[in-house]
Amino acid sequence: MNRRDFIQSVSAASAVALSQGAFAQAPAPAKSKSDDLNVGIIGCGEQGRVLITSALPIPGIKFRAVCDIWEYSQQYAKGYLKKSGHDVNVYEDYRDMIAKEKGLDAVIVATPDWMHAEIANAWLESGKHVYCEKEMSNSLEKARSMVLTQRKTGKLLQIGHQRRSNPRYIHAIDRLIREANILGRVTHAYGQWNRSVADALGWPKKYAMDQTKLDKYGYVSMEQFRNWRWYKKYGGGPIVDLGSHQIDLFSWIWGCNPSAIVAMGGADYYKGREWFDNVMTIYEFNTPEGVNRAYYQVLTTTKRGGFYEQFMGVNGALTISEVSARGDTVEREAHAPSWDEYAKKGWLKPVKEAIKPTTTRNVAVDVRVTAEAGKWPLPIELLKPAHQPHLENFFDAVRGRAKLNCPPEVAFETAVAVLKANDAVVAGRRIEFKPEEFKV
Amino acid sequence: MTSGVPPLHRFAHEVMTTVFEVVVAGQEETYARQAAAAMFREIDRLEGLLSRFQPCSDIAQLNRLKPGESLRVCLEAFECLQLAAQVYADTGGTFDVTVGPLMNLMRDAKGNWQRITDAELAAARATVGMERLVLNPQDFTVTIRPAAGPDPSACVEVDLGAVGKGYALDKAAEILADWEIPDVLLHSGTSSVLALGNGGEAAGCPAGKRGWPLGVAGDWSREAGFDTVLLSGAALSGSGTEVKGQHVLDPRTGRPAANHLAAWAIAPSAAMSDALSTAFMVMTTAEVNSYCRSRVEVAALVVERRRGLLRMLGDKVIATPAFAARAVPPSERNLLRSE
């Protein structure tokens with residue numbers, strides 16, 4: 001018996017032992033079949049796998065079909081889903097899948113960005129609801145076509161800016177910042193996503209696709225297929241891959257789109273990659289309160305500080321990250337009105353106030369010592385995988401019980417703001433946004 | 001570089017509060033590095049699913065359930081729990097991933113053993129044990145049973161600990177198999193090592209043999225008469241008192257495990273060897289002996305507190321497939337033998 005056989009036999013043996021009552025079995029939960037949704041996924045690479053894992057715990061979700069042009073990803077998805085109790089049909093070409101999978105209720109699209117519009121539009125046209133990863137597209141024209149197709153077909157299209165469904169972000173932004181206005185005017189925002197230096201992705205030799213197949217699906221080479229995020233044909237580069245999630249928050253906070261942008265960056269470290277490996281950008285927001293600015297950076301040569309966002313207002317600053325250990329507090333400025341009422345309501349966790357303003361004894365005049373702001377932790381923790389609430393929101397909307405948290409119009413506005421950062425790097429000057437650019 | 005000996009490539013990655021390392025033999029450096037990167041991405045992903053410290057993980061979610069509640073967990077968490085349940089059942093409850101509350105009661109933050117009353121001990125013991133988890137392989141749900149003691153509403157505290165790390169090694173090995181890298185050594189911070197294929201001359205493998213030489217027996221190697229095993233197609237895990245002091249608790253009694261000073265287990269998977277090395281610390285020598293006798297694929301080495309060292313095998317060489325498929329003469333089936 002080799003290792004793999006052994007491991008399988010242990011799993012099988014314990015499954016038998018367990019089901020035969022080595023531990024009493026839980027009664028099969030009685031659930032209504034009417035809630036079951038038949039789901040397919042197109043694109044089973046790294047992000048597709050995250051979405052599969054995040055969708056499987058949602059009650060009633062039945063994966064029926066998977067699609068990927070790469071045999072390695074097909075096998076992974078099929079095998080993972082089979083072991084998880086979902087038997088799926090496997091497709092290489094999404095058109096073939098549309099032709100044969102008439103019984104699906106919804107599909108998830110997690111392909112490289114450049115294929116989002118074509119695939120999502122085709123599924124919408126075929127009458128299915130679609131959850132499509134962000135960025136909508138690396139081309140605004142294609143992104144626009146998704147908004148139009150959704151409108152025309154009336155099917156649901158959720159774009160994968162998953163912070164829009166994260167209860168921590170909803171609490172921080174909708175309740176604390178927008179409703180309670182605890183930060184006062186948020187004059188500045190900051191976001192960053194820094195990652196360590198990393199090699200180009202490789203592939204197992206035996207799974208290399210031949211050139212005929214690569215040509216058929218529009219990829220120049222296996223190297224470009226695996227590292228599509230770095231090439232202009234297929235993606236938008238790190239500012240889009242990573243920055244999009246966080247730049248999306250700026251317009252959420254201020255309730256409007258940016259009015260201007262400046263940016264610097266370049267393909268400065270990695271040889272042979274097209275997209276900018278570092279981008280630093282400043283957005284200007286012309287809000288009813290006045291001009292507010294947001295700074296964002298994405299670095300791919302250092303992980304210093306990781307990823308988080310900060311919203312800085314005259315009365316305090318809120319630091320948050322999708323991973324709460326990286327950001328989860330609101331700092332109160334000493335002069336701000338009391339936050340005790342929010343603590344009483346459970347909107348913030350109460351803390352002891354830090355140092356009060358005081359006087360020094362040995363000088364003639366009172367000297368105000370800057371009080372260290374008290375740090376108030378956020379009271380809400382996300383208790384599931386980060387993508388699960390956004391998928392739940394989508395599936396609830398498919399069942400007619402919720403409104404989408406990120407419909408295509410919202411995601412389109414973000415795409416306009418984010419893709420412009422690359423344009424601004426190239427232009428090397430301030431670029432103004434026209435309000436109509438954000439409209440479809 | 002010694003001429004004629006192909007070099008080994010080593011890559012390390014910090015994850016699961018330790019440093020994982022992979023040593024690759026017989027591959028071109030760039031290919032090996034890309035495969036290692038793919039493997040480390042998989043281990044990062046598993047950490048997110050299995051770590052009790054990450055509030056979104058299935059294990060953290062499980063630990064928040066109230067008795068009577070159920071959770072649908074992912075395949076990976078279910079497989080780890082299933083293996084943990086299997087080893088728990090097969091080793092008389094000496095390996096228990098739910099033992100946390102008992103551990104916290106018995107030992108303070110610095111790890112010193114506490115004086116507690118029998119009643120306190122009994123109450124804590126009633127909150128632990130794999131019986132508290134009902135695993136349903138049909139729908140991957142885990143249901144929490146009420147505790148049998150005075151507080152039926154007590155939550156469980158599942159900590160996959162080393163089993164999670166061992167499982168990550170096994171999953172990483174699957175990725176390397178996809179990459180057709182057969183000769184590789186993987187470890188999770190040295191407590192568990194998975195050795196596949198042949199390390200060859202560069203890894204110190206003796207001429208004419210196949211495998212990876214691994215240090216074993218620690219401070220007792222002189223008494224054991226060997227300090228190395230040659231491993232291939234199997235995993236080796238060690239558990240002992242020499243590093244962290246007397247740190248293993250007997251889940252059956254709540255008291256410090258008193259039988260062995262150290263234990264090593266060899267098994268076909270790292271998740272299994274990890275679980276077993278802990279169990280072998282706790283079990284009596286007779287129990288370890290009996291466990292190994294019925295499983296030719298498992299070997300043990302234990303250092304007895306009283307009688308000195310027990311040897312694992314007559315020779316120092318364990319090589320697979322010879323190891324797994326070896327026809328063991330009846331006299332050698334007793335893998336544990338008193339010195």
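**Domain contact and a covered helix in chain A**

In this predicted model, the centres of domain 1 of chain A and domain 2 of chain A, taken over C-alpha atoms, are separated by 28 Å. The contact draws on 18 residues from domain 1 of chain A and 19 residues from domain 2 of chain A. On the side of domain 1 that touches domain 2, the elements that give two or more residues are helix H3 (71-83) and helix H6 of chain A. Of these, H6(A) gives the most, with 6 residues. Sorted by class, this side of domain 1 has 10 nonpolar, 3 polar and 5 charged residues. As for the bounds themselves, the domain assignment of chain A places domain 1 at 34-155 and domain 2 at 164-382 + 407-438.

Attention now turns to helix H5. This helix of chain A spans residues 116-125 and is mostly covered, with 7 of its 10 residues buried. A:His116 and A:Ala117 are buried, as are A:Ile119, A:Ala120 and A:Asn121, and the list is completed by A:Trp123 and A:Leu124. Helpfully for reading such a pattern, residues three or four places apart in an α-helix point the same way, because each turn takes 3.6 residues.

What lies over these buried residues? The cover includes strands and helices of chain A. Among the strands are E1 (37-42), E4 (106-109), E5 (129-132) and E6 (157-159). The helices in the cover include H4 (94-100) and H6 (140-153). H6(A) thus appears in both parts of this account, in the cover of H5(A) and on the side of domain 1 that touches domain 2. Just after H5(A), A:Gly127 adopts a positive phi of about 95°.

Methods:
Residues numbered from 1 in each chain as written. Chains lettered and ligands numbered in written order. Predicted model: local features only at pLDDT ≥ 70, side-chain atom pairs only at ≥ 80, totals over all residues. Buried ≥ 20, exposed ≤ 12 C-beta atoms within 10 Å, placed from the backbone. Helix = DSSP H or I, 4+ residues; strand = E, 2+ residues; numbered from the N terminus. Contact = placed C-beta atoms within 7 Å. Domains from an automatic or database assignment. Nonpolar A, V, L, I, M, F, W, Y, C, P; charged D, E, K, R; others polar.
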